[in-house]
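Visitor: Please show me the chain. I have some questions about its fold and its helix.

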Amino acid sequence: MEIKIGIQNVNREIVLESSETADAIAEVVASAMNGGSELRLTDSKGRTVIVPSTVLGYVEIGAEEQRRVGFGAL
């Protein structure tokens, strides 16, 4: 699933792909926002993104996609 993170006073957003569920990511974001600590996410390639929660503008969590099987397009 795709996650977009907007940073205050920065024009470019951080985009990463994660294998976590939307609920798990939302829980991590909520705990970072409520605790005043950093937002720490790991993408599907193993890279870690750390953003201080004080500069978060928004976090957009994409819809979970089911894997397609076969060659046909729907």
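The questions below go from the whole chain to its helix.

Visitor: In what order do helix and strands follow along the sequence?
Guide: This is a predicted model. The chain has 1 helix and 5 strands. Read along the sequence, the pattern is β-β-α-β-β-β.

Visitor: What share of the residues is buried?
Guide: Buried means under 20% relative accessible area. The chain has 74 residues, and the buried share is 22%.

Visitor: What share of the exposed area do carbon and sulfur atoms supply?
Guide: The chain exposes about 5800 Å². Of that area, carbon and sulfur atoms supply 47%.

Visitor: How far apart are the end C-alpha atoms of helix H1?
Guide: Helix H1 covers residues 22-35, which is 14 residues. At 1.5 Å a residue, the helix should span 20 Å. The model agrees: the end C-alpha atoms are 20 Å apart.

Visitor: Why do the buried residues of H1 line one face of the helix?
Guide: The buried residues include Ile25, Val29 and Ala32. An α-helix has 3.6 residues a turn, so residues three or four places apart point the same way. Seen down the axis of H1, the buried residues fall within an arc of 65°, so they line one face.

Visitor: Which strands do the buried residues of H1 pack against?
Guide: On the other side of H1, Asp23, Glu27, Asn34 and Gly35 are exposed. The buried residues pack against strands E1 (2-7), E3 (38-42) and E5 (56-61).

Visitor: Which residue just after H1 takes a positive phi?
Guide: The phi is about 75°. The residue is Gly36.

How values were computed:
Residues numbered from 1 in each chain as written. Predicted model: local features only at pLDDT ≥ 70, side-chain atom pairs only at ≥ 80, totals over all residues. Heavy atoms only, no water. Helix = DSSP H or I, 4+ residues; strand = E, 2+ residues; numbered from the N terminus. Buried < 20%, exposed > 50% of the residue type's maximum accessible area, 1.4 Å probe, protein only. Areas by Shrake-Rupley, 256 points an atom, 1.4 Å probe, with all protein chains shown as cover. Expected span 1.5 Å × (residues − 1). Arc of directions from axis to C-beta. Contact = heavy atoms within 4.5 Å.
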